[in-house]
Amino acid sequence: MKAVYIVFNQAHTERVEYILDRLNIRGFSWWNEVKGRGSVDGDPRMGTHTWPEMNSALMTIIPDEQVEPLLEKVKKVDEINKEVGIRAFVWEITAAV
Amino acid sequence: MSIYKTAVNKPISTFMVFTAVIVMGIYSFIKIPIDLYPEIDPPFLSVMTSYAGASAADIETNITKRLEDALNSVDKVKEVQSVSSDNLSVITLEFSWGANLDEATNEVRDVIDRIYDFMPEGADRPSIFKFNTSMMPIVFYAITAKESYPGLDKLLEEKIINPLNRVEGVGSVSMIGAPKRVVYVDADPRRLDAYNISIEQIGNVIAAENLNMPSGNIKMGEMDYQLRIQGEFSESSELINLVVGNFNGTPVFLRDVAIVRDSLKDLSLDEKINGQRGLRMFVMKQSGANTVKVAREVNKNLEILKKNLPPDVEINLIIDTSSFIKGSIKNLSETLLWAFLFVVLVVLFFLGRWRATFIIGLTIPISLIVSFIYLFLTGNSINVISLTSLSIAIGMVVDDAIVVLENITKHIERGNSPREAAIYATNEVWLSVIITTLVVVAVFFPLTLVGGLTGEMFNQLGWIVSITVVTSTMAAITLTPMMASRIMKLREKKIKPKKFSFQSTIEPLLNGLDDYYESLLRWSLKHKTLIIILSLTVFVSSLMLMKFVGTDFMPQTDESRITVAIELQTGTRVEETMKIARKMERIVRERYPEIEIMAASSGSDDAGSMFSLFSTAGSNIINMMMRLQHVNDRQRTVWEIADDMRQQIAQIPEIITATVSTSGGGMGMGGDNTVDVEIYGFDFNTTNKLAEEIKLKLSKLPEATDITVSRKNDKPELQVILDKDKIALHGLNTAVVSTMIRNRISGTVTSRFKEEGDEYDIRVRLAEQFRSSITDLEELTILNPMGKKIKLKEIGNIEEYWGPPAIQHKRKERIVTVKAKPNGVSLGELAKKVNLVVNDVKVPQEVLIQVGGAYEDQQESFMDLALLMLLSLILVFIVMASQFESFTMPFIIMFSIPFAFTGVILALLITGTTLSVVAALGAVLLIGIVVKNGIVLVDFTNLMRDRGMKLYEAIVVSGRSRLRPVLMTALTTILGMLPLALSTGEGSEIWRPMGITVIGGLVFSTLVTMVLIPVMYGILAKSGERDKVMKIRKKFQTLD
C-alpha cells in the first residue's frame, strides 16, 4: 500500500478526475482550493489578487502496482503544459485500520 | 457555487435567462412610445382672472397685486410673473423642476379661496391653468380653396375635423383663419333718423320675427295635434321684407333703411397660404399619446378624407413635429448600427478571432435591450436622450466581456479545456471587472440625482448607462464564460501561416506597436522631469485656450422651419397689415426657393382660439410660418436663411419689430437662446426710457440680433367723454349711452339665423361708411326715453388718448424685458457684452437691472454640472481608493482627468463647437471613461511589482502587456461615439457636441496617460513599494 499525494492546478480538475476513474481508483481524499508554491519554479497559487490561481490536492491510498500507471498519467497531464502544473508524491503506508 | 460556475455548468439555463431578457426587451421596445425628448412637465401654473371693464392699471392694483402677494407663499414657488392687461390678469407661477404640480394646484386653489372675498365684486373667480407640453399642436395643415372658400368652415368641420377627432390619441383639431358666415344688417343712420327708427328697434323686430313657438295642444276628434308657430327665417333674404316701423301710416321695410348681407365675417384675421386664400388647421394630441403614431394616423386618415372634398380644396402639410422626431430617431438608430459595426471591427482587429468577436459582440444587444425594459417599466419614451445614452454605452459594454474573454483565451492557450478555462479564468478577473464597472456607475449614477432642468433631461441618461453597463458586467461573468466554454477551442499555431491570415498581417503590426511603446516607456522613465514639465505646459496652455471656446445653453437645431412675428405700429388696421404681409410673401418667394410652403396670418382672430395662448395677436401683427426643404436637400442652413430674412425685414420701414425664429417655439427643449435684460421699476416713463436706451445700445452690438422689448407701445384709443350734467338732463345715463354706442359701432346680435343645424349671427349695426371717422361718431344719434333724438356731440366729446400698455410683473415688481439673440456668437459671449452695456447705463436708484434669460438657465445648468462633476470625482476616488487600498494609486490615476479636459477644449476649438450643456455633460462623463484606462494600467503594474519585479521593469512590462486592452477599450468607446460626432442629419446638432467632447477627451487623455501615468507611478510609488520587504523584516527582527 502506498499513499499518493497529487497537488495540481484547479484547471486540471477534470483530467485528474478522469485519471482516477480510468485507473479504477475508488478511494481518495480531496482538498479544494489549496494554496501552494513550487520549490523550484512556477507561479505561486495563492488565490490573491497578485496570484489569483489556486491548487487542489488529493491523497489516495492504493496498492503498489497501481502507483506506476498513476504517476505515468500524471506525467502525461503535466506534459500538456508545464505552466499549469501538477505534482505527485508517493510514500509508504505502514498500517491501516 | 459561484455565479460564473453555475452559468458554465448550466448553459441552457443561462441561455434561457438571457433569452427571457431579450424577449422582454423586444416586447418593451414595441410598446414604448417615440418622442423627441423625455416627457418633462414644465413646472408652471397660470392663474387667470378676468374683471370686465377694468383697465390694465386697475387690474394690476385690484387683482394682480393681491393674488401675487397671496400666491407667493405657496410651497416651492420659485418665481412669480404676471401680466395685467385690460380686463385680464394672468399670473404665472414657476415651481422647482420635479415639484408635484397636483399638490401645488390644490394649494393655489386654497389661496384663491382665501383671497377671493377681498377681490372686487365684478371680478370672476380666478381659474387655474396647468400648462402641458401635450397642448402644443403636433401637426399643422394649410388648407386652400377657390370656389369653396366661403363654405370652407362648415365643409371642413363636417368632412375633416369630426372624423379626425375620432382618431385615437387626437386631443383636438382646430382651425385658424376659417371664414365665418355672418348675416349683416348695415343700416343707414340718415334714413333711420328720417323714419324715426333706431338700431335697437331693428334688432328687436328681427328677434321677435325670427321665432318658432310651440303653442300647446289641440284635441280634435280622435287626434291630439301639437300647435306650433313657425316664424324662423328659412332664407336670409327674408330679412329685407321685415316691417321695422311705421312712418306716417306706411310701413317701413328693412330694405328701406338697411342693406342685408349674408356674407363672411368682416376681416380681422387674414390667412394666406403661399399667397392664396386659405386657413390653417392644427391637431393637438392627448396627454401621453405617442406623437409619431398620432401624426401618422392623422396623416393617413386625412389622405382618405381628402377624397370627400371638392377638387379645389387643397390640404398641405406645413409642420409635422413628428417628422423631425422620426428623422432624429432614424438618424440615431443608424448611428447606433454604425457604432455596433465599428466596435465589432475593433474587437476583431485586436483579437483576430471570429468566435471571440462573436461572443463579445453578443453582449452589445443584450445590454442595450435591457434599457428598453427600463424605459417601458418607468413609462418613458424612446427619445433623443435615451438613444444618445445607448450610443455612449455601446462602446463601454464590451469592455468587461473583452477582459474576461482575454483571460479565458489565455487559459485555453495553455492547454486547458475550454470549460475549466472559462470557470477559472473568470474567477481570476471577475472582481476587477466589477470594480471598473463601479467606477463607471460612480460617474453616471449621480446624474440621476441632479435636479433642475438638467436633471429632468439627463436622469434618463444616468439610468440607462448605469443599467446597461451593469447588465454588460452580468453578461460578461455569466454569458461570456458560458459561450466561451461552448464554442472556443484551442487554436493550433500554424507553422506557416497563410499570406493574408491574421498572424501574418495584423499581428506583426500590433507587435511592432508594442515594441515601440516599450522603448518609449523606457525613454520616458529616464526623462521623468521633462515629461512632467511638458504635460504641465500642455495642460496649462490648453486652459488658456479655454477662453476662445464659446458657451451656449442648448445647441440649436435645424428643424427646417422658420416662424416670423412682425409687429407694425400699434393700432395699424388689418388691411394695412395685410399689405405688408403680401410684401413679405413676395420677398420670401423671390429670395428663398428653399421654402416649400408658407402660411401668413395678419391680424387677430377675435374669437380667441386656443392658439392665441401661444402667440401674440393683434391687428398690427403678422405671424408667418414656413416649412423648408429637408436639411439634406438644400445648400443654406435655416440660420443663414433667417439671417438674410432679418436683413430683408430691416429694409421695410413700416415694421417696428420683427423676430425670426428657427426653433419649434417651445416644442422641445431647444427653445430660443436669448439674453434678457430685466428692468425692474415702478415708473413707466423711467423704465420705458431705460428699455429704449438699452435696446438702442444693444442694436449697435454686432453680436446681438432680434432685439425686442417686452412692454408694448401705448395703444391709441378714442375715448368718449360724456358730460354727466347734460346726459342727466336728457334722462340718460352712462350705461344707456354706452350700450347705444356699442350697438351702433360693434353691432347688436339679437337673433341667429339657422340653416342645416348651424346657427349664424345676425348682426345689426351702422354701415361701415357711417362709422369710420370722429365726425361720424359725433353724429351718432342717441334716443332718450322720451324718444327724442340727440346727437352724441351734444352730450360729450371724443378725444384721442394713449391707453396704458399691459403691465408685466416679475417677483411682484413691474418689469420690462429687453431680449437679444446671439448673432454668430455664443450665448455666453453675448451675455458678457450685454453685461458691459448694462453696466454703462446710468440707472436711477429706484430701478434694478438684471441680466437673465436662457443665459440664466445656462448658468444654473453649468452650476448643476459642476456639482455633478465634483460628486463624480469624489465617488470615483472612493471606489478606487478602496479597490487599491491606497490613497496614492487613485491620485496617480486621476492625473489622466485634466488631460481629458485638454482634449475636450482642443476638440471644441478645432470643430468650432460651443460648450453647451450637452458638451459639458460629455466632459463630466469622460471622468468615468478615462479613469478606466488608468485603473487597468496601474492595477497590472501593482501586480507585477507584487510578483517581485523591479519598479521600472514592472512599469515597462505591464505597460507593454496592457497596451492592447487599453487601446481596444478606448477605441471601442471612441469609434462607438464617432458616428454620433459625425452625423449631419436631422437633430444631429443636439448630440454632436457630446460625441465631439468624448472623442476629443478620450483620444488625448489616452495618448497622454499611456506615458504620463507610468511616469507618475515611477515617481510616487517609489518609496512605498520598495520598502515593503524591509518593513516586514523589521517587524520580525526578533526571529532572526
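This is a short dialogue on reading a few features of a predicted model.

Trainee: Let's start with chain A. How many helices and strands are there in chain A?

Mentor: Chain A has two helices and four strands. Reading from the N terminus, the order is β-α-β-β-α-β.

Trainee: And how does the radius of gyration of chain A compare with what the globule rule gives?

Mentor: The radius of gyration is 14 Å, close to the 13 Å from the globule rule for 97 residues, so chain A is as compact as a globular protein of that length. Along the principal axes, its C-alpha trace spans about 40 × 30 × 25 Å.

Trainee: What share of the residues in chain A is buried?

Mentor: Buried residues account for 26% of the 97. You can also look at how contacts link up the sequence: of the contacts in chain A between residues at least 6 apart in sequence, 72% join residues at least 24 apart.

Trainee: Now the place where the two chains meet. I know that the size of an interface is often given as the accessible area lost when the parts come together. How many residues does the contact take from each chain here?

Mentor: Counted by residues, it takes eleven from chain A and twelve from chain B. The side of chain A that touches chain B has four nonpolar, four polar and three charged residues.

Trainee: Let's move to helix packing in chain B. How do I describe a pair?

Mentor: In general, two packed helices are described by the angle between their axes and the distance between the axes. Take α20 (residues 684-700) and α25 (residues 827-840) of chain B: their axes come within 10 Å and cross at roughly 135 degrees.

Trainee: What do we call the orientation of α20(B) and α25(B) to each other?

Mentor: Angles over 145 degrees would count as roughly antiparallel. With the crossing at roughly 135 degrees, α20(B) and α25(B) are therefore oblique to each other. Their crossing is right-handed.

Trainee: Which residues make the contact between α20(B) and α25(B)?

Mentor: From α20(B) come B:Ile694, B:Lys697 and B:Leu698, and from α25(B) come B:Val834, B:Val837 and B:Val838. By class, that contact has five nonpolar residues, no polar ones and one charged.

Trainee: One last residue, B:Ala919. Is B:Ala919 buried or exposed?

Mentor: B:Ala919 sits in helix α29 (residues 917-946) of chain B. The cut-off for buried is 20 or more other C-beta atoms within 10 Å; B:Ala919 has 25, so it is buried.

Trainee: Which residues does B:Ala919 touch, leaving out those up to four places away in sequence?

Mentor: B:Ala919 touches B:Leu908, B:Thr913, B:Pro993, B:Met994 and B:Thr997.

Technical notes. Residues numbered from 1 in each chain as written. Chains lettered and ligands numbered in written order. Predicted model: local features only at pLDDT ≥ 70, side-chain atom pairs only at ≥ 80, totals over all residues. Axes fitted to C-alpha atoms, helices over the stretch in contact; angles between N-to-C directions. Parallel < 35°, antiparallel > 145°, perpendicular 65-115°, else oblique. Left-handed = near helix turned anticlockwise from the far one by under 90°. Contact = placed C-beta atoms within 7 Å. Nonpolar A, V, L, I, M, F, W, Y, C, P; charged D, E, K, R; others polar. Rg over C-alpha atoms; globule rule 2.2 N^0.38 Å. Buried ≥ 20, exposed ≤ 12 C-beta atoms within 10 Å, placed from the backbone.
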